[in-house]
Each structure stands twice: as structure tokens, then as C-alpha cells.
Amino acid sequence: EKILKLEEISSTENITTFHIILPNNNLKLLEKNKALVKKVHSSYLANDKSLFDNNYIKSRVQIDGKTYKAKLKFHAGSDLNKKSQYRIKFKKSKLYDGMRSISLLTLSKSNASAALSYELQKKYLGLKVKTRLVKVKINGLEQGVYMLEERLGKELLERNNLSGVDIFKFDNTWDHQYNTNHSHPFVYTQANTKFDNISKRDVGQKYIIDNILSSKLKDIYKYIDKDYFAKYMAILALYADRHSIDGDNIKFMYNTSNSRVYPFLRTEHVLYKLETSGNFSFDKFLYNINLDDKQKNKRFYSGLFVDLIQDKEFRELRNKYLYQFVLDKDELLKDYDSINNLIQNITDADSSNLFPTRFYRFNFKKKRKHLVNNLNTIKKYLEYNKIYMNLNRYSEKSYILEISADSHSPLVIDHINLDINSAKSIY
């Protein structure tokens with residue numbers, strides 16, 4: 001079963017419509033919030049906390065003839081001069097398709113690359129996140145087509161047989177003095193940590209999260225699922241994505257059953273081009289490794305990921321999953337093209353889009369080129385190898401052959417041929 005059910009959608013007429021109904025007073029509240037959020041987005045330095053009062057507003061949502069009680073607010077990153085993005089939280093007593101909390105994102109913010117990432121998450125990480133295209137109306141007025149993305153929460157976890165799993169995320173109220181959005185020196189402090197204690201258990205989760213964000217490598221493996229992290233970081237490499245682990249973007253799941261931490265994958269619209277060095281290595285680019293002290297502020301994320309990728313054993317495990325992407329190249333591109341063609345047809349017909357049709361077509365082509373480039377780069381990276389050999393004579397009949405490998409992948413000696421006659425002439 002595909003995450004995005006392409007066979008069910010051939011045009012905008014076949015897309016489910018969300019009829020959002022707001023009483024007049026609540027509509028005025030929404031407009032007030034819109035003005036506040038616009039003011040925040042016009043400046044990254046905001047000392048007035050009231051600017052961040054983007055509170056949920058009560059609403060009703062009619063979907064396929066059923067009415068759901070819900071709350072609505074603006075989603076971060078909305079271009080409120082044009083087409084807004086929204087978060088909706090349904091009442092626990094009546095969920096929509098088993099989902100409690102969703103985001104409605106424009107197709108410039110969530111598109112084929114995002115939908116493909118959820119396919120990868122389901123296939124390689126075993127976590128199914130619901131996503132689909134929907135049309136939105138507010139009090140009868142057309143808002144256009146959006147990508148619905150299910151948000152991380154109790155319902156999503158339990159549907160994936162992950163009951164007893166807690167969620168950690170980090171405060172994303174951009175009211176700090178630093179010239180960055182998602183990151184600042186205090187982003188991972190406990191004061192900025194949001195802990196959703198779904199399990200209702202206290203087994204030292206906060207201490208463990210704090211520990212993996214600050215500890216050295218020898219301690220990290222006590223707390224994380226190493227294989228899951230390797231798959232997760234393989235997907236980040238495929239997408240050339242460090243935005244997902246930039247400051248407050250990262251989210252962790254803590255399983256109280258096995259005392260292990262897992263990252264939650266969400267790439268948004270990111271699919272960049274991998275930049276490489278002479279031996280096709282891209283990890284320095286992805287994780288800003290070898291920065292001098294003056295450049296440390298350019299590293300946007302916890303040292304956890306840097307420590308992991310610099311560990312040879314972990315990197316070899318990550319590379320094993322990169323090799324699987326190389327083997328699956330044709331299937332990955334086929335899936336991307338299927339999703340891409342659908343969304344492109346929708347954007348061609350949706351007059352509410354933020355940008356002209358040519359913008360979406362250009363970006364679809366650019367991201368596909370990036371995906372092809374990244375798959376080819378990963379293949380070259382895995383295939384890179386050089387062998388260095390030294391044959392040292394220690395006595396008339398005693399030699400030591402030293403073999404060293406410069407390789408991103410493990411190498412196995414198939415056989416060694418030794419010409420005894422030639423060896424006798426070696427000094």
C-alpha cells in the first residue's frame with residue numbers, strides 16, 4: 001500500500017474536501033492571529049511575547065459528509081500575504097481517519113520529495129505516516145489544494161504498534177536574540193525541551209535525552225537504536241538534508257519498553273544536491289565536520305550526529321543502507337515520478353498556488369535531478385577504493401606484506417598470487 005494513493009486521484013475533482021467552518025467571532029480571531037504572525041515573520045528579533053500568540057481557535061470540519069470538532073491555527077512558515085498553511089487538531093472523541101493532529105501544507109512546502117520520504121520511512125524505518133492531497137474551504141471560500149501530513153503524536157505511534165513511546169521536541173518560538181531561526185545556544189536545554197509523556201512513566205527519559213545530546217560516543221550507544229539511526233541518516237544523505245536536524249526541527253521518540261531513543265523523520269520540501277570532496281565523500285558537507293572555533297556557530301545541530309558519522313563502525317552500517325538505495329534506484333525514481341506527475345497535474349489546475357506553474361515544474365525537475373545526482377554520487381562514494389601494499393624483507397627467507405585500504409566500504413581479499421622467483425630479487 002502506497003502512502004499517497006495515486007490511483008484514487010486523477011484530478012482535483014477526486015480529492016477530498018475539508019470544509020472548515022468558523023463562527024464570525026472565531027474568524028476575527030484567526031485574522032488577528034494572522035496579523036500577529038505576519039509581524040513576527042517580518043522580523044527575527046521580537047521581544048514582545050504576544051507576537052507569538054498563534055493560539056488554536058475552535059472550529060468544525062466537514063469531511064465526506066461527517067462533521068468533526070477541531071481546533072485550527074496557522075502552521076509555521078506560512079506566507080500569510082498569499083496562501084496560509086494550517087494545523088488542525090481533532091477532538092479525541094472523534095478522529096479523522098485515526099488522526100488527531102495534522103498539518104495542511106502548500107505544495108511549495110510539501111511535495112513529491114516529502115511524499116517519497118514517507119514512503120522511505122515506511123519501507124526502511126517501519127513507521128507509516130499518513131499523507132494525502134486535500135482541497136480546503138474556509139466558510140465556503142476556496143483555499144486550494146494542500147498536502148495533508150499527519151503530525152507525530154500518540155495516535156500515530158499506537159497505530160504503528162508503538163504504545164508506551166514518549167515524544168521529545170524542542171521549543172520553536174523564535175523570540176531569541178540570535179540571527180538564526182531554528183537554532184540558538186540554548187535550543188537543547190531542558191528549559192526548551194517539550195516532553196510528551198504518553199507512557200505516563202518516569203524512567204529517566206529527560207536525563208537520557210539530555211545525555212545523548214551532550215555525551216561522547218562511548219555513552220551514546222547505551223541509549224539509541226543504532227540500526228534505526230543508521231537507516232535514518234542514510235535517508236538524510238539521500239536527500240542531502242541537514243534541515244531535519246537543524247535545532248528545534250529534530251524530534252525524538254523514546255521507547256520505555258526497550259529504553260532506546262529513535263529520531264522521527266520529516267524532510268519537509270528539502271531535497272538538495274550532495275556536495276562531495278575528491279574521494280566522493282559528502283559527510284563533511286552534510287555535518288560541517290572539521291570546522292574551526294570561529295565557525296562552530298555554523299553547525300546547526302547537536303554533536304550527536306557528528307559523533308555518530310565519525311565512528312567507522314556506525315558509518316559502515318549507514319553505508320550498508322546507502323547501498324540498498326543504489327540497488328533500489330529504478331524503483332525510487334519510478335515512485336518519485338508517479339508522485340511528481342500527480343502533483344504537477346494538480347498544481348497546473350490549482351489557481352490558488354503561491355507561484356506560477358513554471359515555478360513548480362522547474363522545481364520538480366530540479367529535485368529529480370538532485371535525486372539522480374545523489375544516487376549516482378552515493379554509488380561512486382561506495383565504489384571508491386584504493387589499495388596500498390608494502391612488501392618488506394626481514395631476512396633472506398622472511399617477508400611481511402602490508403596491505404592498507406583507502407575505501408568507504410569494507411574490502412575482502414579474494415586471493416593473493418606470489419611470484420617466488422620475483423620475490424627473491426626484492427631487497
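**Figure 1. A nonpolar patch on the surface of this predicted model, to which strand 12 (385-395) and strand 13 (398-407) each supply at least two residues.** The patch is formed by Ile387, Met389, Leu391, Leu401, Ile403, Leu411, Ile413 and Ile416, and together these residues have about 710 Å² of accessible area. Strand 12 gives the largest share, with 3 residues. A good place to start looking is isoleucine 387, which lies in strand 12. At a relative accessible area of 44%, isoleucine 387 is partly exposed.

**Figure 2. Strand 1 (residues 17-21) with its partner strand 6 (residues 131-138), joined by 4 bridges.** Strand 1 and strand 6 run parallel. To find the register here, look for phenylalanine 18, whose bridge partner in strand 6 is valine 136. Strand 1 also pairs with strand 2 (residues 57-63), this time in the antiparallel sense and over 4 bridges. For that pairing, follow histidine 19 to its bridge partner in strand 2, glutamine 62.

**Figure 3. An aromatic cluster in which ring pairs link Phe18, Tyr68, Phe90 and Tyr96.** The count of aromatic pairs comes to 13. In one of them, the rings of phenylalanine 18 and tyrosine 96 have centres 5.3 Å apart and planes at 85 degrees, so the pair is edge-to-face, an angle over 60 degrees being what this label requires. This pair links distant parts of the chain, since phenylalanine 18 belongs to strand 1 while tyrosine 96 sits in the loop between strand 4 (86-90) and strand 5 (101-105), 78 residues apart. Both phenylalanine 18 and tyrosine 96 are buried. Now turn to tyrosine 68 and phenylalanine 90: their ring centres are 5.7 Å apart and their planes meet at 70 degrees, so this pair is edge-to-face as well. Tyrosine 68 comes from strand 3 (residues 66-74) and phenylalanine 90 from strand 4, so the pair ties together parts that are 22 residues apart in sequence. Tyrosine 68 has a relative accessible area of 6% and is therefore buried. Phenylalanine 90 is buried too, with a relative accessible area of 1%.

**Figure 4. Lysines over the faces of tyrosine rings, with lysine 94 over tyrosine 68 and lysine 83 over tyrosine 146.** Lysine 94 is 5.1 Å from the ring centre of tyrosine 68, a residue that also takes part in the aromatic cluster of Figure 3. Lysine 83 is 4.6 Å from the ring centre of tyrosine 146.

**Figure 5. Two loop residues with a positive phi, lysine 200 and serine 259.** Most residues other than glycine have a negative phi. Lysine 200, however, has a positive phi of about 60 degrees. Look for lysine 200 in the loop between strand 9 (193-196) and helix 4 (205-214). Its relative accessible area is 71%, so lysine 200 is exposed. Serine 259 likewise has a positive phi of about 60 degrees, and its place is the loop between strand 10 (252-255) and strand 11 (260-263). With a relative accessible area of 33%, serine 259 is partly exposed.

**Figure 6. A salt bridge between the side chains of glutamate 149 and arginine 266, at 3.2 Å from N to O.** The pair links distant parts of the chain: glutamate 149 is in strand 7 (residues 141-150), and arginine 266 is in the loop between strand 11 and helix 7 (283-287), 117 residues apart. Is glutamate 149 buried or exposed? Glutamate 149 counts as buried, because its relative accessibility is 2%. Arginine 266, at 22% relative accessibility, counts as partly exposed. Across the structure there are 14 salt bridges.

**Figure 7. Salt bridges involving helix 6 (residues 226-238), including the one where glutamate 313 and lysine 226 meet at 2.8 Å, N to O.** Glutamate 313 lies in helix 9 (residues 312-327) and lysine 226 in helix 6, so their pair ties together parts that are 87 residues apart in sequence. Glutamate 313 is exposed, with a relative accessible area of 53%, whereas lysine 226 counts as partly exposed at 22% relative accessibility. Aspartate 227 forms a salt bridge with lysine 231, and their closest N and O atoms are 3.4 Å apart. Because aspartate 227 and lysine 231 are 4 residues apart in helix 6, about one helical turn separates them. Aspartate 227 counts as partly exposed, at 27% relative accessibility. Elsewhere, Asp97, Lys130 and Arg132 are joined into one network by salt bridges that share partners.

Notes: Residues numbered from 1 in each chain as written. Predicted model: local features only at pLDDT ≥ 70, side-chain atom pairs only at ≥ 80, totals over all residues. Heavy atoms only, no water. Pairing = 2+ DSSP bridges. Phe/Tyr/Trp six-rings, centres within 6.5 Å; stacked < 30°, edge-to-face > 60°. Buried < 20%, exposed > 50% of the residue type's maximum accessible area, 1.4 Å probe, protein only. Lys NZ or Arg CZ within 6 Å of the ring centre and 35° of its normal. Patch = residues over 30% accessible without salt bridge, like charges linked within 9 Å, V, L, I, M, F, W, Y side chains within 5 Å. Areas by Shrake-Rupley, 256 points an atom, 1.4 Å probe, with all protein chains shown as cover. Salt bridge = Lys/Arg side-chain N within 4 Å of Asp/Glu carboxyl O.
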